[in-house]
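Work through the exercises below with the structure open. Try each task before reading its solution.

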Amino acid sequence: MNMQVPGLVLRELNGVAELKQAETFQKEVWGKDDPPDNSDIMLAIQHEGGLVAGAFRDGRMLGFLFGFPTARPHVQHSHRLAVHQDSRGLGLGARLKWFQRDWCLARGITLVRWTYDPLRRINAALNIARLGATAGTYHESYYGPMEGINAGIPSDRLVADWDLSAPHVDALAHGAEPAPPASDDDLVTVEIPKDLDKLLSTDLDTALSERLRVREALTSAFAQGYRITGFESGTSRYLLSRQ
């Protein structure tokens, strides 16, 4: 359940000054060595139908979201989602995504896609369990070598597919708790590390071996017709079922 945050405002960014503020914000979250999306690009994409939004309290940006149109009018690619380190635990990531859902549905957009690191438990819990996205596409070393908080292991990414009008997504949007996995003898589970950042900072060899283990498990399951349809945060496990 999201905590109440007095004075919190979710809205689109307005003007070059706020877009430049978003540049600085990205560096604070991902590290100064990870190039941010610059204000000129965000301004142009915003004017062409993209979404650049933030979570603010007392004028300070606490969260940031950036999505842009695709070749298919009903699909948006969600490129960035960030919450400042000192504002985590307030449910701001989920709040921004539900804001994005409302914004998209009002414009006839019914599917949002984005990539995320399959080893990051907090992202898997948000994307799969809390928002109801699913995943069946795996990209190896998607961005090539990366800097900042993502440095040290290949930049593998899952593609999250968020069907905004799916009944289970609508139920989650209205406060329903994530449903427990159905009893299914054909269910496959894949465990991921509970704290990737700790591994990256203290045991890079294990972080790399975990990357390769999870890569093999997920790509093999996808090739057999499975898809990620759930995530258990407590056990840090993906739940995959055949489609």
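**Exercise 1: A ring cluster**

Trp-114 and Trp-162 are both buried (under 20% relative accessible area with a 1.4 Å probe, protein chains only; exposed is over 50%, partly exposed in between). The model is predicted: local features need pLDDT of at least 70, side-chain atom pairs count only at pLDDT 80 or more, and totals for chains, interfaces and linings use all residues. Residues are numbered from 1 along each chain as its sequence is written, and side-chain values use heavy atoms, with hydrogens and water left out.

Task: Classify the ring pairs of Phe-66 with Phe-68 and of Trp-114 with Trp-162.

Solution.
1. Apply the rule: rings of Phe, Tyr and Trp (its six-membered ring) pair if their centres lie within 6.5 Å; planes under 30 degrees apart are stacked, over 60 edge-to-face, the rest tilted.
2. Count: the structure holds five aromatic pairs.
3. Take Phe-66 and Phe-68: the centres are 6.0 Å apart and the planes at 65°, so this pair is edge-to-face.
4. Check burial. Phe-66 has 1% relative accessibility, so it is buried. Phe-68 has 24%, so it is partly exposed.
5. Take Trp-114 and Trp-162: at 5.6 Å centre to centre and 85° between the planes, they are edge-to-face too.
6. Place them. Trp-114 is in strand 5 and Trp-162 in strand 7 (residues 157-163), so the pair ties together parts 48 residues apart in sequence. Strands are DSSP runs of E, at least two residues; helices are H or I, at least four; both are numbered from the N terminus.
7. Extend the group: ring pairs link Trp-98, Trp-114 and Trp-162 into a cluster.

**Exercise 2: The nonpolar cores**

Task: Find which residues touch the most other members of the largest nonpolar core.

Solution.
1. Define the core: buried Ala, Val, Leu, Ile, Met, Phe, Trp, Tyr and Cys residues joined through side-chain atoms within 4.5 Å.
2. Read off the residues: of 45 members, Leu-158, Trp-162, Leu-218, Ile-228, Tyr-238 and Leu-240 touch the most others.
3. Follow Ile-228: its contacts (heavy atoms within 4.5 Å) include Ile-128, Leu-158, Phe-222 and Leu-239, not counting residues up to four places away in sequence.
4. Look elsewhere: another core of 13 residues lies apart, with Leu-19, Met-42, Met-61 and Phe-64 among them.

**Exercise 3: Helix 4**

Task: Describe burial in helix 4 and the backbone just after helix 4.

Solution.
1. Ala-124, Ala-125, Leu-126, Asn-127, Ile-128 and Ala-129 are buried in helix 4.
2. Just after helix 4, Gly-132 has a positive phi of about 85°.
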